[in-house]
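Here are my notes on this model, set out point by point. Please read them with the coordinates open.

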Amino acid sequence: GFRMAMILRDPRDAVVSLVHFRERVHDPVDIVSAHLHDCVHSHTDRLRATIVGFTHGAGALPDIAVFTRAFLPWEAWAGAVAVRYEDLATPARRRIALGRLFDGLVGLTDQDERTAAIDRAEVAVEPARSPTFRSGRVGD
């Protein structure tokens, strides 16, 4: 059956991450990138535009509340397991969040296999050591 891991993020942190990312990567075809690059010229104004939403040409980015609400129904889908980014990024809560993911997605019944899998995943999402899990911190 279908399984999906959802990593949810505090909307305030999502705004900051989106703006930081769009300041580094400019894609003129992407509406958000084009607007933030071409029409908004300070970091503070980019944050504000991402929070309140904007239109750009024929496209638009809704305000952050509307944007975030669009993803919430996914959590109720059969086969979906949600964890918070903040739990994965915080060492004291990381193992519990990974356990939820493994229990919901993989369903390892052998305790030693489960522990070993979580150990490997814990290294893979350690922001300071992982090449794939972003290096930001909660609040970035």
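The points below cover a pocket, two nonpolar cores and two single residues.

1. Status of the model. This is a predicted model. Residue numbers run from 1 along the chain as its sequence is written.

2. The largest pocket. Its volume is about 600 Å³. The lining counts 20 residues. Nearest the centre of the pocket lie I7, L8, R9, A14 and F71.

3. Where the lining comes from. Three elements each supply at least two lining residues: strand 1 (4-8), helix 1 (11-24) and helix 4 (64-69). Helix 1 gives the largest share, with five residues.

4. Character of the lining. Nonpolar residues number 15 in the lining of the largest pocket. Three polar and two charged residues complete that lining.

5. The largest nonpolar core. Eleven residues form this core. Among them are V81, V83, L88, A97, L98, L101 and F102. A117, I118, A121 and V125 also belong to the core. Strand 4 (80-84), helix 6 (91-105) and helix 7 (111-124) each give two or more residues to it. The largest share, four residues, is from helix 6.

6. A97 and the second core. Leaving aside residues up to four places away in sequence, A97 touches V83, D87 and L88. Of these contacts, V83 and L88 are listed in the largest core, as is A97. A second core is separate and has six residues, including L36, A49, F54 and L61.

7. R46. Which element holds R46? R46 sits in helix 3, residues 43-52. Is R46 buried or exposed? R46 counts as buried because its relative accessibility is 17%, and the cut-off for buried is under 20%. A polar atom of the R46 side chain lies 3.3 Å from the backbone oxygen of V40. Beyond four places in sequence, R46 touches V19, E23, L36, V40 and H41. One of these contacts, L36, is a member of the second core.

8. L105. This residue lies in helix 6. L105 has a relative accessibility of 25%, so it counts as partly exposed. Setting aside residues up to four places away in sequence, L105 touches R3, M4, A5, G79 and V81. V81 is part of the largest nonpolar core.

9. A long separation. How far apart are the C-alpha atoms of L105 and F21? They are separated by 29 Å. Along the chain, L105 and F21 are 84 residues apart.

Definitions and conventions. Predicted model: local features only at pLDDT ≥ 70, side-chain atom pairs only at ≥ 80, totals over all residues. Heavy atoms only, no water. Buried < 20%, exposed > 50% of the residue type's maximum accessible area, 1.4 Å probe, protein only. Polar contact = N/O pair within 3.5 Å; in protein donor to acceptor, adjacent residues only side chain to side chain. Contact = heavy atoms within 4.5 Å. 1 Å grid on protein atoms, 1.4 Å probe; cavity = no way out; pocket = protein on both sides within 12 Å on 5 of 7 lines; lining within 4 Å. Points joined across faces, edges and corners; volume = space filled by probe spheres on them. Nonpolar A, V, L, I, M, F, W, Y, C, P; charged D, E, K, R; others polar. Core = buried A, V, L, I, M, F, W, Y, C linked by side-chain atoms within 4.5 Å.
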